[in-house]
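User: I'm a first-year student and I'd like to understand one small part of this chain properly. Could you pick a single helix position, look at it closely, and then show me how to read other places in the same way?

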Amino acid sequence: MTTKTQSTFEAVERLMLNGIGKVEAISRIGKHIQNVRFTDEQNQRLKEITRQLREAKSKAKFEHAKELIESGYPLYKAYEKAGINVTTITKEERKRLSELKALHQKSVDEVIKERFEQTVELLKEGLTFTASGQVVGFNPTVFMNRLNDEQRQVINSLKGNYKTMGKKDISNFIIKVEKVEDRILTEKEEQDLIEGNLQ
C-alpha cells in the first residue's frame, strides 16, 4: 500500500466519521470512486463506519418519533415528521412506539374538542371554514360529521363571518400555528402559564 493510498483512506475515514457517505467523501477529496482502491481491511473499516452512522441516524429518528408521540402527535404523524419508514425500524421499536402512543395519545373526543375550539377561534378571526381546516389540519366534511349538533350550530353560525384570504395568507397562518405547537416552553414560560401570566 502506498503512502498516497493511506493518506486518501485517512481523509475518507475522517470525512465519513463526520457523517459523510463514502462516495461523497471520495468526491470531496477530488477523486472519482472508480479510481480509488483500498485494501480489504480498509474497506471493512469504512463499512463499519457506514453501519455505525446508519445505526446512529436510525436511533436519532426513533428518539425524535418518541418525543413527538410523548407530546401528543398521532403515531403516523410522528413517523412522518421523524422521517421513519415503518419497514426500516425493528419490530421491537415499532412495539415500543405503539406502547408510547397508548400512554400519551389523546382520545378522539379530546382531539375533536381541541380542533373545534381552534376552529371557532379561527372563524372568529375571519378565516373561512376550509382555510381553518387547513390550519388546524382536518378534512371539513369528516370533521363536521364528528361534531355534535350544538358544535355544528356554532360552526355554522360563524361560517359567514369570513374575510377573503389568499393562499399566501393561509400558508402564513399555518406556519404561525405550527411554530407555536412545535416549540417547547421553557420552565419560566411553563410557570407563567400555570400562574396565568402567559396565554
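Analyst: Let's begin with Ser132, which is found in helix α7. A helix here is a DSSP run of H or I with at least four residues, a strand is a run of E with at least two, and both are numbered from the N terminus. Keep in mind that this is a predicted model, in which local features need a pLDDT of at least 70, side-chain atom pairs count only at pLDDT 80 or more, and totals for chains, interfaces and linings use all residues. Residues are numbered from 1 along each chain as its sequence is written, and side-chain values use heavy atoms, with hydrogens and water left out.

Is Ser132 buried or exposed? Ser132 counts as buried because its relative accessibility is 0%. The cut-offs are under 20% relative accessible area for buried and over 50% for exposed, with partly exposed in between (1.4 Å probe, protein chains only).

What does Ser132 touch? If we set aside the neighbours within four places in sequence, Ser132 is in contact (heavy atoms within 4.5 Å) with Thr119, Leu122, Leu123, Leu127, Gly137 and Phe138. Now look at the helix around Ser132. Helix α7 runs over residues 129-136 and is mostly covered, with six of its eight residues buried. Those buried residues are Phe129, Ala131, Ser132, Gly133, Val135 and Val136. Right after α7 comes Gly137, with a positive phi of about 95°; as we saw, Gly137 is also one of the contacts of Ser132.

Let's try the same reading on another spot. Ala25 belongs to helix α2, which covers residues 22-28. Because its relative accessibility is 0%, Ala25 is buried too. Apart from neighbours within four places in sequence, the contacts of Ala25 are Val12, Leu15, Met16 and Ile20. Take Val12 from that list: it is 13 residues away from Ala25 along the chain, and the two C-alpha atoms are separated by 5.4 Å.

Val12 leads us to helix α1, since it is among the buried residues there, along with Thr8, Phe9, Ala11, Glu13 and Met16. It helps to know that an α-helix has 3.6 residues a turn, so residues three or four places apart point the same way. Helix α1 takes in residues 3-17, 15 residues in total, and reaches 21 Å from its first C-alpha to its last, close to the 21 Å expected at 1.5 Å a residue. That expected span is 1.5 Å times one less than the number of residues. Which helices help to cover the buried residues of α1? The cover includes α2 and α3. Just past the end of α1, Gly19 has a positive phi of about 95°.

Next, follow the cover to helix α3. Its 31 residues, 40-70, reach 45 Å from the first C-alpha to the last, close to the 45 Å expected at 1.5 Å a residue. Gln42, Leu46, Ile49, Phe62, Ala65, Leu68 and Ile69 are buried in α3. After α3 comes Gly72, whose phi is positive, near 105°.

Lys61 also lies in α3. With a relative accessible area of 29%, Lys61 is partly exposed. Beyond neighbours within four places in sequence, Lys61 is in contact with Ala82, Gly83 and Ile84. From Lys61 to Ala78 is 17 residues in sequence and 9.8 Å in space, C-alpha to C-alpha.

Another lysine brings us back to α3 from elsewhere. Lys101 sits in helix α5, residues 91-104, and counts as partly exposed at 34% relative accessibility. Outside its neighbours within four places in sequence, Lys101 is in contact with Leu75 and with Ile69, one of the buried residues of α3. Leu75 is 26 residues from Lys101 in sequence, with 6.4 Å between their C-alpha atoms.

Finally, step back to the whole chain. There are 11 helices and zero strands, and buried residues make up 26% of the 199 residues. Among contacts with a separation of 6 or more, 52% join residues 24 or more positions apart.

How far can you trust the picture? The average pLDDT (the predictor's confidence in each residue, from 0 to 100) is 77, and 76% of the residues score at least 70. Residues 179-183 fall below 50, and this stretch has four contacts in the model beyond near neighbours in sequence. Where pLDDT is low, the predicted coordinates should not be read in detail.
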